[in-house]
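Visitor: I have a model open and would like help reading one part of it. Could we go through it together?
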Amino acid sequence: DTTSRLLITGAAGNMGKMLRPLLRKPGRTLRLFDIADITDIDPGHEEYVQGSVTDRAAVAAAVEGVDAVLHLGGLSTEDSWENILSVNVDGTQAVFEAAVAHGVTRVIAASSNHAVGFWTHAEAGGDPLPGDVPPRPDGFYGWSKAAVEALGRLYHDRFGIDVVNLRIGSSFDRPPNYRGLASWMSPADTARLIEAALSDSAKGFHTVWGISRNTRSWWSAAEGAAIGYEPQDDAEVFADEFLADHEWSFDDPILQRVGGAFCDHPLGQRM
Ligand code: 15L
């Protein structure tokens, strides 16, 4: 890929922190955008623009002059309807609007498994759950991610920009809980997925699951493979640890639904 300047929104968040060292490469500058302070900039490879996705002028300034945007900025779990609308929906629309205004032709948007959280293992019928199942959000947060995916579709169809929606499972250093044996995406695989999403194979419009090659995954790998994503890690290496006090069964309400416990969390209540 020829991305010489990549904007990362939400660069001070969990994923941003994890990804900065992994996305650094010769000839590429990471422009980091976040409302929070970032004090450990690597001046040879990084620039820092402070601001909020809810500030359109700040978003426009951050987008100007980049080749691609990795949009991670937003609320990452359930929150009030007002906050979700302003940060995740308005915030994402501001990013797309700025991309069009400044001729940026690629946006990679962080969506989430919670956009389709109420799909069940039984409904997948023994097949991997495809990337194109209709939205079934499991809360206001998941609903905003379905809205983000649809905004990407709109900006792709209207303006022809390349859009990759990453329907992320659990992107952390290690699986956060036993559900993570299915939903985990390792840091190295997360970086691999983003490199694939920046590559020529990802031109057009794509919605891909963001997971590692987990033995227990039941979400489709096909959409990722189509853009050249080849995951290398498997959460199974953590199985002994997590299955010491849990039996693995798709009758378990946490495991039977894509969104797990999010499906039972009170709507609009901050997690
Ligand atoms: C998400 O969308 C959240 O941002 C993250 O914190 C995890 O909870 C993840 O989903 C998950 O489902 O594990």
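Visitor: On strand E5, are the two faces covered or open?
Guide: Both faces are covered: Arg106, Ile108, Ala110 and Ser112 on one side, and Val107, Ala109 and Ser111 on the other, are all buried. Buried means that 20 or more other C-beta atoms, placed from the backbone, lie within 10 Å of a residue's own. Strands are DSSP runs (E, at least two residues) and helices are DSSP runs (H or I, at least four), numbered from the N terminus.
Visitor: What kind of model is this, and how are residues numbered?
Guide: This is a predicted model, in which local features need pLDDT of at least 70, side-chain atom pairs count only at pLDDT 80 or more, and totals for chains, interfaces and linings use all residues. Residues are numbered from 1 along each chain as its sequence is written.
Visitor: Which strand pairs with E5 over three bridges?
Guide: Strand E4 (residues 68–71) does, in the parallel sense; two strands pair if DSSP finds at least two bridges between them. Leu70 has Ile108 as its bridge partner, and His71 has Ala109.
Visitor: And how many bridges join E5 to E6?
Guide: Seven bridges join E5 to E6 (residues 162–168), and these strands run parallel. Among the bridged residues, Ala110 is partnered by Leu166.
Visitor: What is the strand order in the whole sheet?
Guide: The open sheet of seven strands has the order E3-E2-E1-E4-E5-E6-E9, with parallel pairing.
Visitor: Why do E3 and E9 each have one side without a neighbour in the sheet?
Guide: E3 (46–50) and E9 (205–210) stand at the edges and each has a single partner strand, so one side of each is left without a neighbour.

How values were computed. A residue is buried if 20 or more other C-beta atoms lie within 10 Å of its own, exposed if 12 or fewer, and partly exposed in between; C-beta atoms are placed from the backbone.
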